[in-house]
Amino acid sequence: MTSVGQEMHRLVERLYPLCRSITGDGVRATLDIVGEYLPLQVHEVPTGTQVLDWTVPQEWNIRDAYVADAAGNRVIDFAESNLHVLGYSVPVDTTMPLSELRKHLHTLPDQPSLVPYRTSYYTPTWGFCLAQDALDALPEGDYRVRVDSTLADGHLTYAEHVVPGQVPDEVIVSCHTCHPSLANDNLAGIAVATFLARALSEQTPYYTYRFVFAPGTIGAITWLARNQERIEEVKHGLVLACAGDAGSLTYKRSRRGDAEIDRVVRHVLEASQRPHRVDEFTPYGYDERQYCSPGFDLGVGSLSRTPYAGYPEYHTSGDNPGFVSPKAMTDTLDVCREAFGVLDRNRRYLNQSPYGEPQLGRRGLYDSLGGRSDAKQAQMAMLWVLSMSDGEHTLLDVAERSALAFDTVAVAADALRDAGLIKE
Amino acid sequence: MTSVGQEMHRLVERLYPLCRSITGDGVRATLDIVGEYLPLQVHEVPTGTQVLDWTVPQEWNIRDAYVADAAGNRVIDFAESNLHVLGYSVPVDTTMPLSELRKHLHTLPDQPSLVPYRTSYYTPTWGFCLAQDALDALPEGDYRVRVDSTLADGHLTYAEHVVPGQVPDEVIVSCHTCHPSLANDNLAGIAVATFLARALSEQTPYYTYRFVFAPGTIGAITWLARNQERIEEVKHGLVLACAGDAGSLTYKRSRRGDAEIDRVVRHVLEASQRPHRVDEFTPYGYDERQYCSPGFDLGVGSLSRTPYAGYPEYHTSGDNPGFVSPKAMTDTLDVCREAFGVLDRNRRYLNQSPYGEPQLGRRGLYDSLGGRSDAKQAQMAMLWVLSMSDGEHTLLDVAERSALAFDTVAVAADALRDAGLIKE
Amino acid sequence: MTSVGQEMHRLVERLYPLCRSITGDGVRATLDIVGEYLPLQVHEVPTGTQVLDWTVPQEWNIRDAYVADAAGNRVIDFAESNLHVLGYSVPVDTTMPLSELRKHLHTLPDQPSLVPYRTSYYTPTWGFCLAQDALDALPEGDYRVRVDSTLADGHLTYAEHVVPGQVPDEVIVSCHTCHPSLANDNLAGIAVATFLARALSEQTPYYTYRFVFAPGTIGAITWLARNQERIEEVKHGLVLACAGDAGSLTYKRSRRGDAEIDRVVRHVLEASQRPHRVDEFTPYGYDERQYCSPGFDLGVGSLSRTPYAGYPEYHTSGDNPGFVSPKAMTDTLDVCREAFGVLDRNRRYLNQSPYGEPQLGRRGLYDSLGGRSDAKQAQMAMLWVLSMSDGEHTLLDVAERSALAFDTVAVAADALRDAGLIKE
């Protein structure tokens with residue numbers, strides 16, 4: 001039987017060869033495949049649409065691209081890896097000496113065997129990316145240069161999957177879909193989001209969970225522009241990126257710093273005793289930048305393993321399917337499920353019998369044989385919930401203050417609620 | 001001449017043999033003895049009275065109880081120690097084999113020589129407590145079992161002593177009176193409260209001090225129910241328990257965490273350089289649980305030596321008069337007196353000459369020979385009080401901020417107040 | 001060419017011999033010399049003027065003072081050092097035995113070679129200060145005692161220099177001018193203030209900077225009394241004292257503790273990686289006592305090197321021009337200039353495009369070639385300013401939160417403001 005980790009890794013492998021960008025058929029093909037796992041609502045937004053401070057750009061599609069030597073041998077070839085072409089390269093078909101071609105070539109001199117990932121979305125140009133070693137091996141002379149691409153009015157494509165909850169208040173889970181052949185950044189995030197959505201769909205959660213698969217920056221901005229009217233329904237959110245490498249987990253707080261999602265994820269990471277790191281918000285990274293822009297200031301944090309730009313393979317051909325593992329993606333998925341398990345049950349109650357302790361015994365909630373020192377954790381949890389249910393504190397506050405497990409506290413709260421002693 | 005410590009210990013010894021419980025004649029006898037030291041107002045609240053979420057239970061009285069072997073020898077005997085009977089045991093008079101009797105016997109297998117203290121207030125049953133060693137020595141066979149007790153409509157008994165102050169605002173000092181032959185828990189607390197009340201009565205304090213001697217839980221709940229209308233007069237409070245063992249002092253904060261009493265006791269413990277511990281509030285322990293329930297949320301902390309359930313002798317026959325000492329009780333008493341000395345003088349003043357420093361010299365408040373570096377602490381205290389008397393800060397704030405002794409600050413404030421420079 | 005440090009030290013040397021006090025011609029001569037460097041507005045406030053809780057005292061002037069032995073030899077001589085006379089000594093001309101004279105003699109037994117500095121402003125008396133060694137060498141016998149001073153109605157003298165800014169909101173820089181021959185306390189402060197004013201005058205700063213040269217305590221109180229109506233214009237301030245000794249810098253916070261000046265100076269000291277100390281406010285020290293009195297509670301801190309009373313030469317003849325150095329005064333001056341450079345540019349902006357990130361690229365504010373990991377600090381600074389410009393945070397907040405240099409942040413903010421993306 002195939003484990004969830006293996007299924008996620010298989011999804012990464014299937015998506016890996018596609019040439020994604022912020023627009024174009026590579027994104028559509030990606031969503032088609034994700035759609036096999038999860039019903040998706042796909043949105044197509046026309047070129048020229050004003051989205052917040054931005055405009056949806058022309059759609060970019062590419063069929064072929066190469067640099068060939070005088071003998072016609074392709075020395076740089078898009079067919080071999082889509083990283084070889086500068087993203088959003090305009091069409092070109094010409095011949096030029098290597099000396100002139102160099103201005104259009106991008107390498108990583110410090111990582112000479114790796115191909116870098118480069119784009120130029122908003123300044124029209126063309127270019128190729130290659131390993132420094134490969135460049136060094138090129139003899140001087142003339143080269144045929146061809147980019148068979150189209151930059152034309154079209155659409156920006158993004159998709160959503162909604163897991164309906166008991167309340168319309170939403171949790172968004174967002175991952176960027178614009179990177180071409182890079183596995184950790186962000187096929188692993190897409191895979192974890194996909195299987196997280198499937199897991200949540202197995203029950204009716206408290207919150208409505210909305211999964212957003214959209215190109216970075218312009219995609220999140222487009223989503224925000226089209227959801228601006230109802231943005232107050234978005235109570236919490238998580239950006240998933242770099243979800244599959246071998247590093248330990250990193251949670252980056254929302255701009256607010258103490259949003260409920262911040263406290264929940266930190267609590268789960270800490271309580272589970274996983275090695276982890278919690279970083280403060282910075283206005284750099286993934287689409288939390290947009291969700292947390294000061295006008296929206298949503299409670300959206302970001303979960304990664306090794307964070308943004310923190311590993312040598314970042315934005316290079318080294319970030320391939322071998323760089324991400326079923327085990328790491330499973331661990332990321334588990335933390336998401338645990339965190340949403342806490343978030344979903346994290347309520348603020350009001351003690352209905354706040355003057356003195358209510359008599360738990362006659363409600364069957366207390367061990368009646370007093371005087372023993374081995375009070376049970378469940379009873380402690382009830383006392384803590386009663387004490388702190390003043391309309392200010394949540395069950396997570398109770399768990400952190402009492403050092404009891406959130407589950408223990410939530411179960412105690414359920415019993416007290418059923419007995420009519422606390423009320424939301 | 002007898003020291004206060006010796007007097008307190010003598011009181012513990014006198015109270016020790018009485019069989020107290022949450023109701024009954026043992027409580028009345030206890031209050032009679034305390035009444036020899038301190039005039040008490042005794043309250044009798046009838047069985048069935050609704051008190052907050054609870055109901056005053058039937059009154060329990062016990063005359064005799066034993067387990068006797070076939071030869072008539074009492075192998076477990078209430079007359080030897082009242083701990084041998086499960087508190088609130090219903091009457092029984094029967095013969096049964098040891099195998100059946102065992103269900104009614106309570107021991108401490110890990111502390112085989114000690115008799116545990118057990119009660120069953122709200123579930124009618126009977127039982128005996130004994131040392132595991134004693135149980136192990138019992139041969140199989142039939143045993144006569146007798147509990148000559150009464151559980152009948154009656155009263156719950158508690159008492160108060162009020163030391164009138166200059167203002168009606170109250171400080172309550174509360175100690176539980178329901179434990180039978182246990183010295184630290186809580187005869188030492190009763191003894192310290194008694195002598196604290198006597199000490200406070202020697203002057204007219206600022207606050208009115210109300211001492212409450214009441215059974216744990218149901219007693220505090222009864223007191224709260226009967227004082228609910230005037231509860232806003234209760235500004236501060238202290239629960240005294242485990243006041244006589246050899247451990248260092250432990251203060252447990254009120255639920256508020258930063259109530260004035262919390263700051264005062266912490267300050268006194270710290271300033272006196274006693275070894276001590278300050279614990280956060282938990283909704284478990286003594287009657288601070290009731291005073292700090294969220295509906296009341298009074299500024300009531302709890303002072304103990306080794307805290308609740310923190311010593312092996314806790315709730316066993318090991319907690320006898322030898323477990324508490326005159327020295328430890330005197331130390332607890334001293335800290336209470338010091339703390340109430342600070343609390344009583346802790347005012348919030350308003351500088352009446354807040355623009356620039358007032359000229360202390362012409363008011364005789366300042367050493368007129370300037371330029372010397374050996375400014376006196378008293379003068380520093382005056383400057384601090386002037387600087388911080390902005391209607392927000394108390395004298396305790398001044399003492400903590402300036403690192404001057406509270407006494408120095410209070411004396412400086414008196415001088416400034418007498419000179420008309422500060423006003424309450 | 002003479003460095004600024006040498007010029008400041010030359011000024012200290014010129015001012016050193018003058019006999020300053022809280023009133024009198026020594027103060028006027030001091031302001032005359034400072035006036036050679038800086039145009040001053042000199043204020044003369046008549047004796048008897050009510051200033052806040054105080055009254056301007058009589059003016060004290062002294063021409064000569066000595067103690068002479070029977071042979072007519074001056075054994076203590078004002079002409080040799082003005083420290084030899086107790087400040088504000090009333091006139092005296094008499095002969096008395098050493099035994100009686102001793103009551104009027106002040107020494108430092110623990111520093112037997114140094115002459116102490118002593119005054120008696122508000123209790124009429126006379127006295128002499130001398131080295132303990134010198135006193136020990138005096139034979140018993142009669143001594144002629146003469147103080148040729150005048151204590152008469154006159155004026156209290158202080159001066160101001162204003163550097164006009166773009167806004168009427170003021171920063172005050174205050175230094176005490178009442179100490180006689182003491183170099184660090186406070187001729188170094190006067191010198192640093194003088195050259196700081198000159199430096200600020202070279203441009204039009206944002207704030208209006210007002211330099212106050214006034215006697216300690218009574219001078220600051222007089223200034224406050226005469227500026228009480230407009231005190232709300234004073235937004236920030238700095239008291240300069242002990243500005244030239246070899247110790248590292250000490251900043252003493254304003255009474256508010258977190259005033260903008262407090263944060264600015266702390267930031268500059270920290271960012272510059274100078275060894276330094278930041279002390280909490282105390283109501284003792286220099287004229288920050290008056291500016292920070294609770295009625296005014298101005299955001300005025302104090303910058304010193306070794307702070308108030310913190311060095312053995314404090315208030316003794318050891319505090320001579322050799323005790324202060326050009327280098328130390330230059331360092332103090334530099335920190336003042338850096339701090340005011342930050343204060344002057346520390347604004348609170350509002351992001352005008354707060355929903356999502358604005359597209360910096362089309363405004364020429366962003367490197368258009370995406371995907372590279374070497375994002376420039378300038379771009380990070382722009383993102384931080386956009387993220388934090390919510391009307392609450394200042395540029396200093398941005399600098400501290402982002403760990404970017406204040407300059408980098410301020411330059412980024414200028415670019416964003418010029419592009420219309422942020423607004424004050």
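This report walks through a sheet in chain A, the helices against it, and how chain A relates to chain C in a predicted model.

Let's start with the sheet. Chain A has an open sheet of eight strands with mixed pairing, and the strand order reads 1-10-12-11-13-16-14-15. At the edges stand strand 1 (41-46) and strand 15 (276-279) of chain A; each has a single partner strand, so one side of each is left without a neighbour in the sheet. On average, neighbouring strands here are turned by 20 degrees against each other, direction ignored.

Within that sheet, strand 13 (residues 234-240) and strand 16 (residues 300-304) of chain A run parallel and are joined by four bridges. If you want a spot to click on, A:L238 sits opposite A:G301 of strand 16.

Now for the helices. Here's how two from chain A sit against the strands:

| Helix (chain A) | Strands touched or crossed (chain A) | Direction angle |
|---|---|---|
| Helix 2 (residues 25-37) | touches strand 1, strand 10 (155-163), strand 12 (208-214) | about 20 degrees with strand 10 |
| Helix 5 (residues 183-201) | lies across strand 10, strand 11 (170-176), strand 12, strand 13 | about 150 degrees to strand 11 |

Finally, zoom out to the copies. Chain A superposes on chain C, with an RMSD of 0.1 Å, after a rotation of 120 degrees with 0.1 Å of shift along its axis. The two copies are thus related as by a three-fold rotation axis. Which residue of chain A comes closest to the rotation axis? That's A:D258, whose C-alpha is at 13 Å.

Technical notes: Residues numbered from 1 in each chain as written. Chains lettered and ligands numbered in written order. Predicted model: local features only at pLDDT ≥ 70, side-chain atom pairs only at ≥ 80, totals over all residues. Heavy atoms only, no water. Pairing = 2+ DSSP bridges. Helix = DSSP H or I, 4+ residues; strand = E, 2+ residues; numbered from the N terminus. Axes fitted to C-alpha atoms, helices over the stretch in contact; angles between N-to-C directions. Contact = heavy atoms within 4.5 Å. Least-squares fit on C-alpha atoms with pLDDT ≥ 70 in both.
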